[in-house]
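Student: Hi! Could you walk me through this protein before I head back to the bench?

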Amino acid sequence: MTALLEFERVSRVHREGESEVHALDEVSFRIEYGELVAVMGPSGSGKTTLLNLAGGLDTPTSGRVLVGGVDVSASSGEDRAALRRRSVGLVFQEYNLVSSLTALENVALPLELDGTPSGEAQAQAHRLLGLVGLDDRANQFPDRLSGGQRQRVAIARAVAGSRQLILADEPTGALDSVLGEEIIRLLRAQIGPRSGGVLVTHDPRYAAWANRTLFLADGKLISGTPALTGPGDLLSPSAESAP
Ligand code: ADP
Ligand code: MG
């Protein structure tokens, strides 16, 4: 079976003058369709680097990144841009929304950029805002929305256009834990049998919504990988932990 996301011995080295930072070091894992996988680890352990590589925003120094069996690391910049538009939805801690567009327009934007006629894009955006409980806020600009509402818009946008791979980098940001849990619950609810997601979080309560958790330290995966074959297989799978 083709995995939704597969990292094969992926390394990413940043060079800064004389020094090298090994942001990720020979990381291998698979994420299957239908899964939400949490990624935890201290600051600087490589979590954002991992998401950027998964989303085609960055390319590995060595190793391969496959999305739906397609080698993203070998794709052209243009193909990776198309992947980001069509297949990958990103939710960040902040700066998620275009401030000059309404909630509805923000959600419709990636659909329109990818060629969906405007009326159809807006209808889809309306439906998605309904799913995250924001029907009545569709015409508000981001600065009129609360932090939790803005993240709900970002989730609606991340799943617009039946994108398969949802990547969320500490999407709960500065939200209190009740709102944060609501955001993660919504994220979880958007994942169906033909999609999946990666959730970077510091909080084990949020990670508990994932099927399993990968732990990073100093750019290395320290536990929680599914059974791998070959010499890299030092690690055992963690227990299923969805609530
Ligand atoms: P995390 O998201 O877990 O905090 P990051 O993936 O952002 O970690 O960073 C991993 C390591 O790579 C850190 O040591 C960070 O300083 C370094 N790093 C990340 N991006 C760059 C970059 N563009 N240039 C140089 N070093 C970087
Ligand atoms: Mg980070």
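Tutor: Happy to; we can take the domains, then their interface, then the ligand. Keep in mind that this is a predicted model.

Student: Okay, which domains does the chain have?

Tutor: The domain assignment gives domain 1, made of 5-87 + 163-241, and domain 2, covering 98-161. Over C-alpha atoms, the centres of domain 1 and domain 2 are 25 Å apart.

Student: How many residues of each are in contact?

Tutor: On the domain 1 side there are 11 residues in contact with 15 residues of domain 2. Between them, domain 1 and domain 2 bury about 1,200 Å², with 61% of that on carbon and sulfur atoms.

Student: And which residues in domain 1 lose the most area to domain 2?

Tutor: Those are R163, L186 and Q190, which together account for 45% of what the domain 1 side buries.

Student: How many salt bridges or polar contacts are there across that interface?

Tutor: The rule finds 0 salt bridges between domain 1 and domain 2. The count of residue pairs in polar contact is 4, with both residues at pLDDT 80 or more.

Student: Which elements give two or more residues to the domain 1 side?

Tutor: α2 (77-86) and α6 (177-189) do. The largest share comes from α6, with 4 residues.

Student: What about the chemistry of that side?

Tutor: The residues of domain 1 that touch domain 2 divide into 7 nonpolar, 3 charged and 1 polar.

Student: Switching topic: which residues surround ligand 1?

Tutor: H14, E16, V21, A23 and P42 are among them, and so is the run S43, G44, S45, G46, K47, T48 and T49.

Student: Where do polar atoms of S45, T48 and T49 sit relative to the ligand?

Tutor: For S45, a polar backbone atom is 3.2 Å from an oxygen atom of ligand 1. With T48, a polar side-chain atom lies 2.9 Å from a ligand 1 oxygen. In the side chain of T49, an N or O atom is 2.6 Å from an oxygen atom of ligand 1.

Student: Great, thanks!

Technical notes. Residues numbered from 1 in each chain as written. Chains lettered and ligands numbered in written order. Predicted model: local features only at pLDDT ≥ 70, side-chain atom pairs only at ≥ 80, totals over all residues. Heavy atoms only, no water. Domains from an automatic or database assignment. Contact = heavy atoms within 4.5 Å. Buried area = accessible area lost by both parts, 1.4 Å probe. Salt bridge = Lys/Arg side-chain N within 4 Å of Asp/Glu carboxyl O. Polar contact = N/O pair within 3.5 Å; in protein donor to acceptor, adjacent residues only side chain to side chain. Nonpolar A, V, L, I, M, F, W, Y, C, P; charged D, E, K, R; others polar. Near = heavy atom within 4 Å.
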